[in-house]
Amino acid sequence: MGIILDFLLAITPDALNLATYIPFLKVNEEDIGRNLKHLRKYQWFQNYLNDEQYRELIIHNKDVRQAIGKFKSNKLEKDSYNMKCQKRLHKVLLKKLKNVT
């Protein structure tokens, strides 16, 4: 699936807009909730939840929640993928924190 999307993005700059219309690429609250449930098992995520600023972003910020929903829940148990998700979430949180302040 990723190969097709990469191909579309290479062909046309508006292909990113096309991705928003493909329903199976969209993240919904069910995906976000499922991933949040998995992430709560990890201390690094608990640390984010214990920090008030990060907690507010995780609960209320659309972009942060979309990033969490995009994680592949079946891979979250793997250490390497978990670390990748941790870095990605940290990057999004820092970006949103800078926009808030």
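This is a short chat about ring pairs and salt bridges in a predicted model.

Reader: What kind of model is this, and how are residues numbered?
Author: It is a predicted model, where local features need pLDDT of at least 70, side-chain atom pairs count only at pLDDT 80 or more, and totals for chains, interfaces and linings use all residues. Residues are numbered from 1 along each chain as its sequence is written, and side-chain values use heavy atoms, with hydrogens and water left out.

Reader: How many aromatic pairs are there?
Author: The count is 3. Rings of Phe, Tyr and Trp (its six-membered ring) pair if their centres lie within 6.5 Å; planes under 30 degrees apart are stacked, over 60 edge-to-face, the rest tilted. Trp44 and Phe45 are edge-to-face, at 5.8 Å centre to centre and 85° between the planes.

Reader: Is Phe45 buried or exposed?
Author: Buried, at 0% relative accessibility. Buried means under 20% relative accessible area, exposed over 50%, partly exposed in between (1.4 Å probe, protein chains only).

Reader: Switching topic, how many salt bridges?
Author: The structure holds 5. A salt bridge is a side-chain nitrogen of Lys or Arg within 4 Å of a carboxyl oxygen of Asp or Glu. One of them joins Arg65 and Glu29 (2.7 Å, N to O).

Reader: Where do Arg65 and Glu29 lie?
Author: Arg65 lies in helix α6 (residues 62-70) and Glu29 in helix α3 (residues 29-39), so the pair ties together parts 36 residues apart in sequence. Helices (H or I, at least four residues) and strands (E, at least two) are DSSP runs, numbered from the N terminus.

Reader: Buried or exposed, Arg65 and Glu29?
Author: Arg65 is buried at 15%, while Glu29 is exposed at 51%.
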